[in-house]
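Student: I should like to learn how the features of a protein model are read. May we go through them one at a time?

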Amino acid sequence: MFQFDKTRLDLAREFRATPWGEHSPDLQYLLSLMRRPGPEPYHVLITDRPGERWTLATMQPGSKSPPRRTNMVFTDLRAAEWHVFRLRWARLAGEELPFE
Amino acid sequence: MNRVMAYCDRWTVAPGETVRFMVSCLGGTSYTAQILRLKQPDAGPQATPFAPEPVDAPCNGPHDGRFQAIPIGSFAVVPAHPALAPAGSFTLAAHVFPTTPAKGRQAIMGTWCEVSQTGYALEIDGQGRLAFRIGAGPGRVAVATAAPLSTRRWYHAAASYDAEAGAIILHQSPCSDHDFHPEAPATATAPAGFAPGAGGPLAFAAHSAGPAAGPSPWGGLAFAGHFNGRIDSPRLCAGVADAAARALLATDPLNAALAASLIAAWDFSRDIPTETITDIGPRRLHGSIVNLPTRAMRGHNWTGRETNWTRAPREYGAIHFHDDDLVDACWAPDFAFTVPEGQRSGVYAARVTADGFDFWVPFFVRPPRGAATSKVAFLASTATYTVYLNNRGRFLSLLTERYQGRVMVLDEIDSLLIEFPEMGLSTYDRHSDGSGVSYSSRHRPLQNFRPTGRHWNFNLDLFIVDWLEKLGGDYDVITEEDLHTEGLALLEPYSVVLTGSHPEYDSLAMLDAFEAYLRRGGRLMYMGGNGFYWRIAHHPAREGVIEVRRAEGGVRAWDTEPGEAFHSFTGEYGGLWRRNARAPQRLAGVGFISQGFDHCSYYRRTVDAADPRVAWMFAGVEDELIGDFGILQGGAAGLEIDAVDPRLGTPPHALVVARSENHSNTYELVAEEVLIPHGATDAVINPDIHADLTFFETPGGGAVFSTGSIAYAGSLAWNGFDNNLFRLTTNVLERFKSPMPFPLPK
């Protein structure tokens, strides 16, 4: 059974380099773990300007409430993916990733 | 802040015809309207600038507005009749299958009016128990309750008012369901020193809430207390039914011994394709369903010996009601647009705006009826648009990101759908009780039918319109709604018909029209992926209402329950066209093989590209890789992709001129190709996953060109339309417009 291992910084580096596209099996397992539906809020992006600017927001699963905006704004979707990955890593590891 | 929502009464309109718009203001009393011609999607800085073309129209400008509620939730209703308010003792009975007994009070059957507190009602109370209520006005209400109901089990329920004894009596009898659920019959009684008052109309699965303050789904009334679950064989008779009489009330067919006491017996197995409920009792007190609860559902007596409701209708006497069914928002119209004579065919929209918040209501102007104004027709995928309307489920769970491989992106109009669940569901959703949504209607405000937001279906198809505009704008726009109705006659005037990016849903009439067109020399440019995949049924009377039964295989958000694979509208077997021996490969050469939403790839030329039969296609196209660029995730091959498969009907002379490669882990083999789970199902390891750019000739001098990829259209405009995919696709269009026949290869 695949389990999160906070020493596998190689997977974080792989994701940072390639957030989309072909992933190693272990990174794909990690992403499936991070994306497992559960009762906790999850992150989405709100389009401010199509193709140009997005704001990070959170949603409650099954909620009738619209997404709640954060103060994080992105002009690059890769940066947004990496930011969300870091947040999820920190939640699983109990500590921040040791690199940006 | 004022926001606004709207919809229109028709999607396809010809010059001289009128389209009406219904508008609701959310927090204000005014809005502005503008009719526009849409020439491209709003797709950001890499795309053609979004520049809808204003159309002069008397309706343009400011309007007064108001809030219009949406009366969501299905029920059935019989107009008030003296016989439905018996003067003395009476009994009502039905088979009941609750699916959310714990959600709160829900009406099953009766004349109860919540405002006047009069009438009678068999219902589920706030504790999930079967209840019988009578009332003669405020302060004079009696209720009897029995044991809590289990979820998704059949019961026979019978309730009596005993005028002589001054009592109400309730019986609850669980039905055997081939299991060992330890439930016992239950009975409850309560004193009732008054007779029920007249109440309202007799309703099933909801009760009257008095005159509606806004839009009404039926008779100017509001309805509440919507029930989730199935009702089968409801009956009403005079007198207090004893055990023997209750047994007679539960039998099917109706027992002749009831003739002396029977008031009404509604047989939901009759007229299944219609919105009528038929009373087979002596007074013929027929009624109607409202907001399209699901019909052709297994009844309490389903045996499994027959799975086609048309051959055993008596076993399909249940209607499944949902508190989130919606077929028509029933809003009053606010303004109208009559298409001027001479207005060019195209994609149009009304943009309604309040406090800077835009809501779009697209529609299609076809050429004058019976005429074509171009050799080229763009066939808008209105069937697919309808099926996807208000796809709520994709926002409500992290599951979407799991299979899409990207953080979900949404906008303010998507948020509106989350905030206002009464906008209803898509056939990609499940009802609040977990059952799949079989019906979709366009007669309501629509969140995902617009030129902005996520590039999917309508919005993505505007990339094809953008390309046609770049080529000079010589094209007509026709719709699948009209294709279903008019068949071959709609396609016949055109040299070339282009589909949208994802023409996934087809009726038999639509497929037959395509085939007939191609056999007569027509040319089809299938401009997308995952096309011609699911069978649909159109409502026999309501335009813009479509049914999908997700039977057997296929990539699907839910699956049909046992014995419910046949459409209620037509009696046709639902599911994949592949399961109906009309796989998409037969028509288009390619069929759905995989989907992924994180990254799009490219096509690589194959040896077939050098075949002299397609030399014209590659004029000016020298590159090895085609479409290794694009507005949609960086490539032309992706999102949902199709491959050839001779087993499923790809003609032997089809040429795969380019094939995609290098897809990601999120691209999994479609479920219907994985009969035994084996793990090697993603594109990183499975060589079957690719998009095939395919061409073949048809016997009448016609031809088919298939892109096999939804993302394809997003690459046409790349680099200011200066790219190899634009040239190749334009070559195809120009050759397909030519009257010169395509000879079949020897």
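The dialogue below takes up confidence, sheets, helices, strands and backbone angles in turn.

Student: What should I know before I begin?

Tutor: This is a predicted model, in which local features need pLDDT of at least 70 and side-chain atom pairs count only at pLDDT 80 or more, whereas totals for chains, interfaces and linings use all residues. Residues are numbered from 1 along each chain as its sequence is written, chains are lettered from A and ligands numbered from 1 in the order in which they are written, and side-chain values use heavy atoms, with hydrogens and water left out.

Student: What average pLDDT does chain A have?

Tutor: The pLDDT is the predictor's confidence in each residue, from 0 to 100. Chain A averages 95, and 100% of its residues score at least 70. Helices (H or I, at least four residues) and strands (E, at least two) are DSSP runs, numbered from the N terminus. Within chain A, helix H1 (residues 9–17) has the highest confidence, at 98, and E1(A) the lowest, at a mean of 95.

Student: How is chain B divided into domains?

Tutor: Domain bounds come from an automatic or database domain assignment. In chain B, domain 1 covers 3–40 + 49–70 + 329–362, and domain 2 covers 75–321. Taken over C-alpha atoms, the centres of these two domains of chain B are 42 Å apart.

Student: In what order do the strands of the four-stranded open sheet stand?

Tutor: Strands of a sheet pair through backbone hydrogen bonds, either parallel or antiparallel. Here, two strands pair if DSSP finds at least two bridges between them. The order is E3(A)-E2(A)-E1(A)-E29(B), with mixed pairing. Strand E3 (68–74) of chain A and strand E29 (409–410) of chain B are at the edges with a single partner strand each, so one side of each has no neighbour in the sheet. Two bridges join strand E1 (residues 42–49) of chain A to E29(B) in the parallel sense, and A:Leu45 is opposite B:Val409.

Student: Which strands form the three-stranded open sheet of chain B?

Tutor: Its order is E1-E3-E25, with antiparallel pairing. E1 and strand E25 (333–338) of chain B are the edge strands, each pairing on one side only. On average, neighbouring strands of this sheet are turned by 30° against each other, direction ignored. Six bridges connect E1(B) and E3(B), and B:Arg3 has B:Leu26 as its bridge partner.

Student: Why does the length of H3(A) agree with what is expected?

Tutor: The expected span of a helix is 1.5 Å times one less than its number of residues. The 17 residues of H3(A) should therefore span 24 Å, and the end C-alpha atoms are 24 Å apart.

Student: Which residues of H3(A) are buried?

Tutor: Buried means under 20% relative accessible area, exposed over 50%, partly exposed in between (1.4 Å probe, protein chains only). Among the buried residues of H3(A) are A:Trp82, A:Phe85 and A:Trp89. The buried residues of this helix pack against elements including H1 of chain A and helix H3 (399–404) of chain B.

Student: Why is H4 of chain B described as largely enclosed?

Tutor: Six of the eight residues of helix H4 (residues 412–419) of chain B are buried, so the rest of the structure largely encloses this helix. B:Leu416 and B:Leu417 are among them. The cover includes E2 of chain A and strand E27 (357–365) of chain B.

Student: What surrounds A:Met59?

Tutor: A:Met59 is in strand E2 of chain A and counts as buried, at 1% relative accessibility. Contact means heavy atoms within 4.5 Å. Leaving aside neighbours within four places in sequence, the contacts of A:Met59 include A:Tyr42, B:Phe395 and B:Ile418.

Student: Which side chains of strand E18 of chain B are buried?

Tutor: In a regular strand the side chains alternate between the two faces of the sheet. In strand E18 (residues 221–224) of chain B, B:Leu221 and B:Phe223 point to one face and are buried, while B:Ala222 and B:Ala224 point to the other and are not. Strand E17 (residues 207–211) of chain B pairs with E18(B) in the antiparallel sense over three bridges.

Student: Which peptide bond is cis?

Tutor: Most residues other than glycine have a negative phi, and most peptide bonds are trans. The bond from B:Asp252 to B:Pro253 is cis, with omega near 0°. B:Gln117, although not a glycine, has a positive phi of about 55°. B:Ala296 also has a positive phi, near 60°, and is buried, with a relative accessible area of 1%.

Methods:
Axes fitted to C-alpha atoms, helices over the stretch in contact; angles between N-to-C directions.
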